Structures are given as structure tokens and as C-alpha cells.
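Please prepare a set of exercises with worked solutions on the structure shown below. Each exercise should give a task and then solve it step by step.

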Number of protein chains: 2
Amino acid sequence: MKLTILGCYAATPRTFTNPTSQVLEINNHLFLVDCGEGTQVELRRNKVKFSRIKHIFISHLHGDHCFGLVGLISTFRLLNRETELHVYGPKGIKEIITLQLKLSKSWTNYPLFFHELSSKDPELLFEDEKVTVETIPLNHRIYTNGFLFKEKLGPRKLLINEIVKYNIDVSLYQSVKMGKDVESNDGKIIPNHLVTGPPEEPLSYAFCSDTAYYPEIIPQILNTTVLYHESTFLEINKELAAPTKHSTAIQAAQIAKQANVQKLILGHYSTRYSSIQLFKEEATTVFDQVELADDGKIFTF
Amino acid sequence: MKLTILGCYAATPRTFTNPTSQVLEINNHLFLVDCGEGTQVELRRNKVKFSRIKHIFISHLHGDHCFGLVGLISTFRLLNRETELHVYGPKGIKEIITLQLKLSKSWTNYPLFFHELSSKDPELLFEDEKVTVETIPLNHRIYTNGFLFKEKLGPRKLLINEIVKYNIDVSLYQSVKMGKDVESNDGKIIPNHLVTGPPEEPLSYAFCSDTAYYPEIIPQILNTTVLYHESTFLEINKELAAPTKHSTAIQAAQIAKQANVQKLILGHYSTRYSSIQLFKEEATTVFDQVELADDGKIFTF
């Protein structure tokens, strides 16, 4: 998986910081997550090929997470896109976009599908042979979802030395990978566990922004490989986090620790602080595998 | 007058070019004209004080002229703006903005007024003691207005030597400036033209984007000080200008010449060309006072 941070600052776009948007590359998909104003320019700056984006996931309808969407959809049209685009987001997102396209007489010439969300329970949004995407209901001032991207458990790994030793025909490899016992070329039944090892551990990525401290998400994100969790505030401004339904860096780290994730990425920083390093310092007092998102930064895992 | 170009390129925001937006400073007003995506960042980059913008004029509802508006309005709220904001634009603009504010539960805490336009004739949008702003109906694929900003004719100028010579009392200066004849301290009636000169020539600025070649605007913009006229294409792509209802640089210059303006500023360039200098070269074959708009450029007149 490759995660490109296009923007990770709260509230408003500024001269050198961008509102939330990121691209997750997973099994040949390029999933765009949130789309604050300026996202299309950040996609260009980070040399992300527009035509590879076929699915856009919008967490909620606050402007710093979605005001760039209508522009991106329009630019796709101007670039003569032909491939389908699927937009997943809160109920209302279809009306916002279609109203603007209608009034500007700029309907897309490519198929555009909206998948509007209103459930308070996790929902499966996308599934193919290798990947699933589901919502993570969050606790913010308006209806908000995080998103959980998971690789499916892959095939078992062939143990080549054993395959040769037991004289297994190549036509049976696929079946062996799927966990079936197998008959060798000389007629013996070989139990699967003698010729295969366990599949690779599937990776997973949980995007959780924006949200108050909300331990209800922990069962769903348990053992996730990487958790992106918002940390709008430092502990010193904890009194601002509760009423605005945002989290502090400490709270993000508490979620990461309880969910036993391998790595925590912090983001959605308020611009009131002198350095984002302060967020890491606070979070690592609770959980030691902390990284800082920043605009243009790429994480590979 | 001071004109700051925030963006002047057609179609989509790109890494180094911005869609249409400009700020006109005239008699202590800061008028924002059009508001493509990213305008709020360009305002910051050009150090324009947000609170001084009280009137925003939107020419039409194509995205490259208005997709930055909802973000700017939202940012004003986050910055705790208190002063009124007036938005002038085509019918539909209120619904676009209010739908998004409603769905994000982010109503402005400052007074926000929409003035929706649908007339095909010029309309007076704003007037105070010194300035008027009116629409210039244009000819584009959707309902579009340019805007004409005009200083009013000021008071006549006192000829100080004559004022002293005719022994005019200081209490009468205001009346003399307004063109009245005056009684001198020794009782004679002095005709106004003996003690005043003509007022300063009032300045005017016409913003015309986007539009096909449309000579119908000429009577309205006759003798304008500065005309900003779109030139999306060069003559070599003239066949694209007509169906998209845009202009070439030559056509912009023809309008400038027929309208007898003092200066033509070109903008709204398609990004297909290697250099914007080509637009100036073409336009100057028709009209010699041509300048090129460019992002971040300031014109004072």
C-alpha cells in the first residue's frame, strides 16, 4: 500500500498547507479519500494520474473535506474522461454536485455514480477479489464516516522445495494455493499443510477523520496495520476538542494503543501551533509507533 | 484604481496557474471579481485583507469563475467575520451556497446577502457617493455578465490664484466646487468658470469575461479607461472560439479599438499555448495599448 498525503491541515486552505485529501494505492486501485479545496492541484503536484482515480470517498460535508470535489469532477470532464467515477459520501453530496453541474450546464460526459451514505452502522462500500472498503462511523458535529481499506486474505504460499519433493503437477498449484489437499504424480494424497505455508498477512488501513475520542470504533479497527487518526488539538487545548468533536494527539494515541494497530499516523492539525512535531511528542507518551502526516508525504507499507 | 490579478487562466486550476479572480481597489472599496477554486489562497498570497472585501461579483456559474466562493464564505466564518458580505451573481448562486452551508451545518455568523441577476440589460448593482458598478451583459454559453466600475464625476477644481484674486470666502468653497456662481467678499457675482477648472477625469474599469466577440457591449464601455477582455484563443484556433463562445486576442483588440478605451488587458488564456506573449503580439496588430494579465500582477491606473 502507498499512501500519499495531499493535505492534512484543519479548517481552511492556506498558502502552504492544504485541507484534507489523500490517495491510497492498494492492489492497483487509486482510492481518493476526502477532497478539500485545491485537491486537484495537489494531485497534479504529486503527479497522480487523474484517470486512475475511479473511487472517491468523502468522510463528511464540512468544506475542508469536500469543497474540492465539484472542481475535480468538472476537470475530469474537461480532460475528456471516459471511465466511470464512483463517489461515496453523506446523503446530500449528490445534490451539491448535480446542482452546480446543472446550473453551469456542464454535465459530465463520463458515467458518474453517487453512493449516498446515511447508516450509523459500518457498511461495505466496495469489494473485489482482493480488497474491501467499509465505513467506520465516527462521532463528529455532522454525520461522518471514516473508511477501512482491507486486503483480503490471499492464497497460501507454495513451499517450492516440498512441491518438488512430493512431485506435484503444475496444473494443481492453483488448487494447492487455495488450501486443498493434493494427489502427487505418483498417486499419494499429500495434506495441504505439508506443501504450503500460511498466506501473507493482509494489510489494512483505517482513515479516521474527523472525530471526537470515540472508543466505539476500536473493535472494527482492531489490529489494523496503519491507522490515520485526526489530532486537531494538543492536550493544552483539550477543552476545545470536546465541544468541536475533535481529538487531541493523546486521544488519537489512546485509540491506536487500544486497537493494537502497528502504526499511527497523525493529521488534521489545527494551524494554531508552532510545530506539528508537538503532536508526535504528545502521542508517543502513550503509543510508540507514531508518524506525522504532512502535505506531499508518502507512506509505504 | 489598483487591480490585482489573482488568477487569469481558463478552465482548470493548475500547479502554477489559477482560474479567474481579481481584486479591484477603487475609492477605498475592495471589490472581488469572480472567485475560481483557490481564490482564498491567492488572496492570502497577495496579502489582501479579507475583512476589506464586502462585495463579490460573479460573472457566471462556470466552475473556473465561482468554485472558490463557498470556501471563501466559509473561511470568513471561521475567521469570525462580522461585517456584511454582498454577493452579486447569476440566479442560482444563492441556492448553490446555501445548500452547502445547510448540509455542513455551517451558517455564517455574519450578514450574507445575495443579489441574484437574470436581466439581459445592464443593471446598476452598487452606488455610493463616488462609485457605481453595473453589469455588462455578455454573450457566453450560459448567462454571463461583465462588470463596469466607474468613478463618478468629482467636484470642480478650485483655481487658488483666482479664488484669492476675487476674494472668495472660505465658507463658499464647497458651493464653488459644486459649480455654483459665487459672491465675492466685496459683493460682486463671479461666474463659476472664472474660479474653477474642470474636475478630474473619472476613471473606469470594464471586466469582460467570458464572452464571444460581442460588439453590442461597445456603447456601454465607450471611452473606458481600462478594459479587461478575455482572449481564450489565438487566431489560429479561431474555429474553437465561436462554438465555445470565447474570444481571440484579435477580437478582444477589435472591441478595445472600437470602444476607444485607453488600455486593454488580456486574460483568460487557454493553457494550450507555449507563451502568453503570443496573445499580446496578436492583439497589438489591431490596438497598440495592450497589457497581459498574469497571476499576481498588479495594475495601477
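The exercises below treat a predicted model, moving from the overall dimensions of one chain to sheets, a helix, single residues and the contact between chains.

**Exercise 1. Overall description of chain A**

Task: Determine how many helices and strands chain A has, what box its C-alpha atoms fill, and which domains are assigned.

Solution.
- Step 1. Chain A has 11 helices and 18 strands.
- Step 2. Along the principal axes, the C-alpha atoms of chain A fill a box of roughly 70 × 50 × 35 Å.
- Step 3. The domain assignment divides chain A into domain 1 (2-154 + 200-300) and domain 2 (157-197). The C-alpha centres of domain 1 and domain 2 of chain A are 43 Å apart.
- Step 4. Of the 301 residues of chain A, 45% count as buried. Among contacts in chain A with a separation of 6 or more, 62% come from residues 24 or more positions apart.

**Exercise 2. A mixed sheet in chain A**

Task: Establish the strand order of the open sheet of seven strands in chain A, and explain why strand 6 and strand 18 of chain A each have one side without a neighbour in the sheet.

Solution.
- Step 1. The open sheet of chain A has seven strands in the order 6-5-4-3-2-1-18, and the pairing is mixed.
- Step 2. Strand 6 (112-117) and strand 18 (298-300) of chain A stand at the edges with a single partner strand each, so one side of each is left without a neighbour in the sheet.
- Step 3. On average, and with direction ignored, neighbouring strands of this sheet are turned by 20° against each other.
- Step 4. Strand 1 (residues 2-7) of chain A runs antiparallel to strand 18 of chain A, and three bridges join them. Within strand 18 of chain A, Phe299(A) is the residue opposite Leu3(A).
- Step 5. Helix 4 (residues 93-103) of chain A lies across strand 5 (85-90) and strand 6 of chain A, at about 145° to strand 6.

**Exercise 3. Antiparallel pairs and hairpins in chain B**

Task: Trace the pairing of strand 2 of chain B with strand 1 of chain B and with strand 3 of chain B, then examine the hairpin between strand 7 and strand 8 of chain B.

Solution.
- Step 1. Strand 1 (residues 2-7) and strand 2 (residues 21-26) of chain B pair in the antiparallel sense over five bridges. Leu3(B) faces Leu24(B) of strand 2 across this pair.
- Step 2. Strand 2 of chain B is also joined by five bridges to strand 3 (residues 29-33) of chain B, again antiparallel. Here Gln22(B) stands opposite Val33(B) in strand 3.
- Step 3. Two residues separate strand 2 and strand 3 of chain B in their hairpin, and Asn27(B) in the turn has a positive phi of about 45°.
- Step 4. In the hairpin of strand 7 and strand 8 of chain B, the connection has three residues. Strand 7 (residues 124-127) and strand 8 (residues 131-137) of chain B run antiparallel with three bridges, and Phe126(B) stands opposite Val133(B).

**Exercise 4. The surroundings of helix 10 of chain B**

Task: Decide whether helix 10 of chain B is largely enclosed or largely open, and identify what covers its buried residues.

Solution.
- Step 1. Seven of the 10 residues of helix 10 (residues 249-258) of chain B are buried, so this helix is largely enclosed by the rest of the structure.
- Step 2. The buried residues include Ala249(B), Ile250(B), Ala252(B), Ala253(B) and Ala256(B).
- Step 3. The cover of these buried residues includes helix 8 (218-221), strand 15 (226-230), strand 16 (263-267), helix 11 (277-283) and strand 17 (290-292) of chain B.
- Step 4. Asn260(B), with a positive phi near 55°, follows helix 10 of chain B.

**Exercise 5. Two residues of chain B compared**

Task: Describe the contacts of Leu264(B), and classify Lys54(B) as buried, partly exposed or exposed.

Solution.
- Step 1. In the largest nonpolar core, of 142 residues, Leu264(A) and Leu264(B) touch the most other members.
- Step 2. Beyond four places in sequence, the contacts of Leu264(B) include Leu227(B), Ala252(B), Ala256(B), Phe287(B) and Val290(B).
- Step 3. Lys54(B) belongs to strand 4 (residues 53-57) of chain B. Lys54(B) has 14 C-beta neighbours inside 10 Å and therefore counts as partly exposed.
- Step 4. Beyond four places in sequence, Lys54(B) is in contact with Thr83(B), Glu84(B), Leu85(B) and His86(B).

**Exercise 6. The contact between the chains**

Task: State how many residues each chain gives to the contact, and the classes found on the side of chain B.

Solution.
- Step 1. Chain A and chain B give 32 residues each.
- Step 2. Helix 1 (39-45), helix 3 (69-78) and helix 4 (93-103) of chain B each supply at least two residues of the side that touches chain A.
- Step 3. That side of chain B has 11 nonpolar, 14 polar and seven charged residues.

Conventions. Residues are numbered from 1 along each chain as its sequence is written. Chains are lettered from A and ligands numbered from 1 in the order in which they are written. This is a predicted model: local features need pLDDT of at least 70, side-chain atom pairs count only at pLDDT 80 or more; totals for chains, interfaces and linings use all residues. Two residues are in contact if their C-beta atoms, placed from the backbone, lie within 7 Å. Helices (H or I, at least four residues) and strands (E, at least two) are DSSP runs, numbered from the N terminus. Ala, Val, Leu, Ile, Met, Phe, Trp, Tyr, Cys and Pro count as nonpolar, Asp, Glu, Lys and Arg as charged, and the others, Gly among them, as polar. Domain bounds come from an automatic or database domain assignment. Two strands pair if DSSP finds at least two bridges between them. Axes are lines fitted to C-alpha atoms, for helices over the stretch in contact, and angles run from 0 to 180 degrees between N-to-C directions. A residue is buried if 20 or more other C-beta atoms lie within 10 Å of its own, exposed if 12 or fewer, and partly exposed in between; C-beta atoms are placed from the backbone. A nonpolar core is a set of buried Ala, Val, Leu, Ile, Met, Phe, Trp, Tyr and Cys residues joined through C-beta atoms within 7 Å.
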